[in-house]
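Open the model in a viewer, with the sequence panel beside it. The stops below follow the chain from its beginning towards its end.

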Amino acid sequence: NAVNLRIEYDGGDYSWKGFSGAFHTGSGEWERLFVAGEIATSDCIAYCFINNSSTENFAYFDAVQAEKKPYPTSFFEQDKFGKAIIVEEGTTNIITNGNCEEDYPKLNGKIELGINCTGELDTSVTHSGNKSLKMTTTSVSGSADRYIMLGAYAMNGLTAGQTYTFSAWVYVPSGQGINLNNVRLSFYDYTDAHNRVDSNTPTAYDTWQRLTVTRTIRAEATRAFVRLYIFQDIQNAYVYWDDVQLEQKPYATSFIDGTRAAESLTIPTEGVLNPQEGTVECWAYVNPDIHKQGSGWNMIFVVTDSNEANQLRFGYNRVSGKWHVKTTNSAGAAWYAEFTVSSGWHYFALTWNQSTTTAKMYVDGIIVAQKTSAPLPSAFASTARIGSWLSSTNVFNSLIDELRIDKIARTDEEIAGWYKANAPFYTSEDMKQWPGYIRAETDGLKVYDSSNALRVLLGSWMKGAVRKYGLKIHEGEIYSSVVRSGAEDADT
């Protein structure tokens, strides 16, 4: 009862007033804290509080959001620049009718529609398609045990000793008195007694949020089933469920009604990748629910021969729990390096140059690994893969945006500039449509034409050992009815 959020504001009478939110429960898990209230003036401060006199205590805060609403909505994280791709592994949704379109979602063909609640297919609020499952608590009081059960008191086709993830999207309307912490998914198994593992809970009203729970069914289990829950003694209140999924994986993938084959995105390398030098860069979303320790890899970019010679690649190593870069030459000699990256959107770039035998890996414009005698490819396979390894394995399972491949090794300054710009990349094809472009560089403001030739410099340049300042125009013109020089007030 020491960690919470607080807002303080100038009360207008030379005194600060404020209000605080609920405390973290101290569970050792991530919890969403929020504080909401009305402030009398625009002069205000928001605090992340550790209200404790003890020394050397610490807490982590993430996904901080302030919004002009009386309640919190889900944390806003869009595709980096409006659109992105996702390359995902294959999966099978064990739940049938998970999208609620043709029938109720069922496990092994069974659903129990309501203990102290009812369920009906509804068209008023949906996450996808035209229908969702509306779950309404009954008028019965005295019980906080309200659920819809998928499956029967049996194994329901699941296998003891295996790991599964149950997920569903939920929408909780505000104003009904439902406590968000009481809405969840539950995954049961049974040996000598039932054992329950619960999902996360929604963090905001009036918006769709995905809940997930992962568990390994105990080896001796004789039952395994799942439930949609409202753990609250509340009458005639309702929530909506949609896109319900159960898959034999240690994490949730995007919803599919049925089976999704492993996805693959390839590009031809001929005329695109240059063995002499080049740059591969993109923005990628690091998802802590996916990119965590386990087995296998999550690849962002790969080009390699089948025997792993002539290779360039970067991505996530699930075994070590770190990100990596790897290059190999035609004999298979390798350079491999690891580095750490936090959650969220990041800019990745890999450059190589045969003339200097140098390879560099950048994250957010900063070199995180480099090799000055790197083994580099002398040729490339016919295709490169985006978001997976060969045969669509070890997929990235997250968003990739603004992929760009250059036939030259971009400089440290250029890589840092692209990250700092925080804007979509432009390509040579884009530039053919432009009369030119402007770039702010360390020595001044420069205007280039569509062929990348410098035409105007407003800044400084070296002439011998002397630095000059002014305006330089290359094969251009100046138009003005009056041109003045000399002192500011001189009529010359």
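What follows is a tour of a predicted model, one selection at a time.

**Stop 1: the three-strand sheet**

Select strand E1 (residues 3–10), strand E2 (16–20) and strand E3 (44–50). These strands make an open sheet in the order E2-E1-E3, and the pairing is antiparallel. E2 and E3 stand at the edges with a single partner strand each, so one side of each has no neighbour in the sheet. On average, neighbouring strands here are turned by 25° against each other, direction ignored. Now look at the pairing of E1 with E3, which runs over seven bridges. Which residue of E3 is the bridge partner of Asn 4? Select Phe 49 to see that partner.

**Stop 2: the five-strand sheet**

Move on to the open sheet with the strand order E8-E11-E16-E13-E14, again with antiparallel pairing. Select strand E8 (111–115) and strand E14 (194–198) to mark the edges. Each of these two has a single partner strand, so one side of each is left without a neighbour in the sheet. The average turn between neighbouring strands of this sheet is 25°, direction ignored.

Inside this sheet, select strand E13 (residues 183–190) together with strand E16 (residues 223–230). The two run antiparallel and are joined by eight bridges. To inspect one opposed pair, show Tyr 190 and, opposite this residue in E16, Arg 223.

**Stop 3: Thr 269**

Select Thr 269, in the loop that lies between strand E19 (266–268) and strand E20 (277–286). Is Thr 269 buried or exposed? Thr 269 has a relative accessible area of 6%, and because buried means under 20%, Thr 269 counts as buried.

Next, show what surrounds this residue. Leaving aside residues up to four places away in sequence, Thr 269 touches Val 303, Phe 380, Ala 381, Ser 382, Thr 383 and Ala 384. For a distance check, pick the C-alpha atoms of Thr 269 and Thr 304: they are separated by 11 Å, with the two positions 35 residues apart along the chain.

**Stop 4: helix H1**

Select helix H1 (residues 412–421) and display the side chains of Glu 414, Ile 415 and Trp 418, which are buried. Why do they lie on the same side of H1? They cover an arc of only 100° around the axis, which puts them there. Rotate to the other side of H1 to find Glu 413 and Lys 420, both exposed.

Add the packing partners of the buried residues: E20, strand E25 (344–353), strand E26 (358–363), strand E29 (399–406) and E30. Just after H1, select Asn 422, which has a positive phi of about 50°.

**Stop 5: two hairpins in a row**

Select strand E30 (residues 436–441) and strand E31 (residues 444–449), an antiparallel pair joined by six bridges. A hairpin of two residues links E30 to E31. Within the pair, Tyr 437 stands opposite Tyr 448 of E31.

Keep E31 and add strand E32 (residues 454–463), which pairs with E31 in the antiparallel sense over five bridges. On this side, Tyr 448 stands opposite Leu 454 in E32. How many residues lie between E31 and E32 in their hairpin? There are four, and in the turn Asn 452 has a positive phi of about 70°.

Methods: Residues numbered from 1 in each chain as written. Predicted model: local features only at pLDDT ≥ 70, side-chain atom pairs only at ≥ 80, totals over all residues. Heavy atoms only, no water. Buried < 20%, exposed > 50% of the residue type's maximum accessible area, 1.4 Å probe, protein only. Contact = heavy atoms within 4.5 Å. Pairing = 2+ DSSP bridges. Axes fitted to C-alpha atoms, helices over the stretch in contact; angles between N-to-C directions. Arc of directions from axis to C-beta.
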